[in-house]
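Hello,

Here is the structure I promised to pass on to you. Please have a look at it first, and then read on for what turned up.

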Amino acid sequence: MIALIGRVISQMVSIFFSSIMVFGHAVILAALGVMGVFTGLCTLLMSILGLLRAFGMENIFIIKDEVQGSSLVSLPIGMFLGIICALLSWLSFRTLMKYFR
């Protein structure tokens, strides 16, 4: 009787652990996928906004609403932020590929 109770508890713990691991895998995969897509889009967006701001388009705030940089530094700032987003996207993709292996 005690052996039967031990086996039932062991199976319940195994099922509980497996369900937690499946939930964890789903959260990790979703987070990496969303982060990769979002930072990939931000890479393009930051570069385009920096270019538009450098050529004189108004009401594009690269840093904050209160801090307005000059038009000459908008292109380098936009490219720098685009590079950071591209690196985050690449790291997310690499981590996702390693996770699938």
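What percentage of the residues of the protein chain count as buried? The share is 18% of the 101 residues. Please keep in mind that this is a predicted model. The accessible surface of the chain comes to about 7800 Å², and carbon and sulfur atoms hold 79% of that area.

On the secondary structure: the protein chain has 2 helices and 0 strands. Helix 1 covers residues 2-54, which makes 53 residues. From its first C-alpha to its last, helix 1 reaches 76 Å, close to the expected 78 Å. Just after helix 1 comes Gly 56, with a positive phi near 100 degrees. Helix 2 takes in residues 71-100.

You may like the contact numbers too. Among the contacts in the chain with a separation of 6 or more, 61% join residues that are 24 or more positions apart. One pair to look at on your screen is Leu 91 and Gly 36: the two are 55 residues apart in sequence, yet their C-alpha atoms are 8.2 Å apart in space. Leu 91 sits in helix 2, while Gly 36 is one of the buried residues of helix 1. Leu 91 itself counts as partly exposed, because its relative accessible area is 46%, which lies between the cut-offs of 20% and 50%.

The buried residues of helix 1 are a mixed group: Leu 32, Gly 36, Thr 39, Cys 42, Thr 43, Met 46, Ser 47, Gly 50 and Arg 53.

At the start of the chain there is something for your surface calculations. Met 1, Leu 4, Ile 5, Val 8, Ile 9, Met 12 and Val 13 make a nonpolar surface patch of about 720 Å². Of these, Ile 5 belongs to helix 1 and is partly exposed, with a relative accessible area of 45%.

Finally, the cysteines. How many disulfides does the structure hold? The number is 0. Cys 42 is in no disulfide, and the nearest cysteine sulfur, that of Cys 85, is 4.8 Å away. Cys 85 is likewise in no disulfide, with the sulfur of Cys 42 as its nearest cysteine sulfur. A pair counts as a disulfide when the sulfur atoms are within 2.5 Å, so the 4.8 Å between Cys 42 and Cys 85 does not qualify. Cys 42 counts as buried because its relative accessibility is 16%, under the 20% cut-off. Cys 85 is buried too, at 14%.

Best wishes

How values were computed:
Residues are numbered from 1 along each chain as its sequence is written. This is a predicted model: local features need pLDDT of at least 70, side-chain atom pairs count only at pLDDT 80 or more; totals for chains, interfaces and linings use all residues. Side-chain values use heavy atoms; hydrogens and water are left out. Helices (H or I, at least four residues) and strands (E, at least two) are DSSP runs, numbered from the N terminus. Buried means under 20% relative accessible area, exposed over 50%, partly exposed in between (1.4 Å probe, protein chains only). Contact means heavy atoms within 4.5 Å. Accessible areas come from the Shrake-Rupley method with a 1.4 Å probe; for residues, only the protein chains shown count as cover. The expected span of a helix is 1.5 Å times one less than its number of residues. Patches are made of residues with over 30% relative accessible area and no salt bridge: like charges are joined within 9 Å, nonpolar side chains (Val, Leu, Ile, Met, Phe, Trp, Tyr) within 5 Å. A salt bridge is a side-chain nitrogen of Lys or Arg within 4 Å of a carboxyl oxygen of Asp or Glu.
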